[in-house]
Amino acid sequence: MSDVTLHATARNQNPDDFAVQISDQVESFIVSVREVARGDEPDSAVPFLLLEVSQLLLAGGRLGAHEDIVPEERYEPDLGPEQDVDDLRERLAVLLDPIDVYSEVFDPYEPRKAPVPCRISDDLADVVADLCHGLAHYKAGRTTEALWWWQFSYFSNWGSTASGALRALQSLVAHVRLNQPLEDLDGLDTDEDLAAEGLEEEAGKVMAEEIAGPLGLRTVK
């Protein structure tokens, strides 16, 4: 579908319907990630997060294809204190250990950029924080402000952040399903310089023990 068609489709939608659909997807993602972070069903955490991030990025794609949304007010209304996502971040880090850290290249169009270590738990918590900010506007009846924030932050932060987490989650599931183990995790952390140390994104035997078994997938050999 061409960009012209995408923009035409977005313009032809009822704005209220579009806002409701985006807000529903945003709220569903926030609720689902918090539910996963509770740790009640750790066996299905990775594939469930893969599904939820994939669905959220559909909403992001729709926001990205939409013409620029302009807020009704020049200055963003004060929302009060931002929601604290530190507890969510910590719970996800515990749940996803030891496959939380992965390597990522932030901008594929900037040549010769070395990959940097990231955490899925950090990514998901940061995305939730961005989405909650817009949701607060939406629930206060400032629909245009909410859509503007979700679109702006999709381009500036949560779109690329969620995309990185999606690639990591998809890679984990694919390596397990395809019986393609990587090397053992060996000290990979967000404090490491991947370029200097020559470290790669690794999962291997640890992934087999911590992910393949609990997910009910066949053993990685």
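This report covers the fold, core, one helix face, selected residues and one pocket of a predicted model.

## Overall fold

The protein has eight helices and two strands. Read from the N terminus, the order is α-α-α-α-β-β-α-α-α-α. The two strands thus sit between four helices on one side of the order and four on the other.

The chain has 221 residues, and 39% of them count as buried. Take the contacts in the protein with a separation of 6 or more: 72% of them join residues 24 or more positions apart.

## The nonpolar core

Nonpolar side chains tend to be buried together in soluble globular proteins. Here the largest nonpolar core holds 46 residues. Phe29, Leu131, Trp150 and Trp158 have the most contacts inside it.

Which helices each supply at least two residues of this core? They are α2 (15-37), α3 (45-65), α4, α5 (120-139) and α6 (143-177). The top contributor is α6, which gives 12 residues.

Trp158 shows how such a core residue is surrounded. Residues up to four places away in sequence are left out of its list. Trp158 then touches Leu56, Leu57, Gly60 and Leu63, and also Val127, Asp130, Leu131, Trp150 and Ser153. Two of these partners, Leu131 and Trp150, are themselves among the residues with the most contacts in the core.

## Helix α4 and the cis bond after it

Helix α4 spans residues 86-96, and Leu88, Leu92 and Leu96 are buried in it. Viewed down the axis of α4, the buried residues fall within an arc of 50°, so they line one face of the helix. An α-helix has 3.6 residues a turn, so residues three or four places apart point the same way. Glu90 and Val94 are exposed, on the face of α4 turned away from its buried side.

A cis peptide bond runs from Asp97 to Pro98, with omega near 10°. Pro98 belongs to the loop between α4 and β1 (101-104).

## Two buried residues: Ser23 and Leu135

Ser23 is part of helix α2. Is Ser23 buried or exposed? Ser23 counts as buried because its relative accessibility is 2%, and the cut-off for buried is under 20%. With residues up to four places away in sequence left out, Ser23 touches Tyr138 and Trp150.

Leu135 lies in helix α5. Leu135 has 9% relative accessibility, so this residue also counts as buried. Beyond its neighbours within four places in sequence, Leu135 is in contact with Glu27, Ile30 and Trp150. Trp150 therefore appears in the contact lists of both Ser23 and Leu135, under the contact cut-off of 4.5 Å.

How far apart are Leu135 and Val26 in sequence and in space? They are 109 residues apart in sequence, yet 7.7 Å apart in space, C-alpha to C-alpha.

## The second largest pocket

The second largest pocket encloses about 150 Å³ of space. Its lining consists of Glu35, Val36, Gly39, Asp40, Glu41, Pro42, Ser44, Ala45 and Phe48. Helices α2 and α3 each supply at least two of these lining residues.

What is the chemical make-up of the lining? Four residues are nonpolar, two are polar and three are charged.

Terms used: Residues are numbered from 1 along each chain as its sequence is written. This is a predicted model: local features need pLDDT of at least 70, side-chain atom pairs count only at pLDDT 80 or more; totals for chains, interfaces and linings use all residues. Side-chain values use heavy atoms; hydrogens and water are left out. Buried means under 20% relative accessible area, exposed over 50%, partly exposed in between (1.4 Å probe, protein chains only). The arc is that of the directions from the helix axis to the C-beta atoms. A nonpolar core is a set of buried Ala, Val, Leu, Ile, Met, Phe, Trp, Tyr and Cys residues joined through side-chain atoms within 4.5 Å. On a 1 Å grid over the protein atoms alone, a cavity is a set of points where a 1.4 Å probe fits but cannot get out, and a pocket is an open set with protein on both sides within 12 Å along at least five of seven lines; lining residues have an atom within 4 Å of a point. Grid points are joined across faces, edges and corners, and a volume is the space filled by probe spheres set on the points. Ala, Val, Leu, Ile, Met, Phe, Trp, Tyr, Cys and Pro count as nonpolar, Asp, Glu, Lys and Arg as charged, and the others, Gly among them, as polar.
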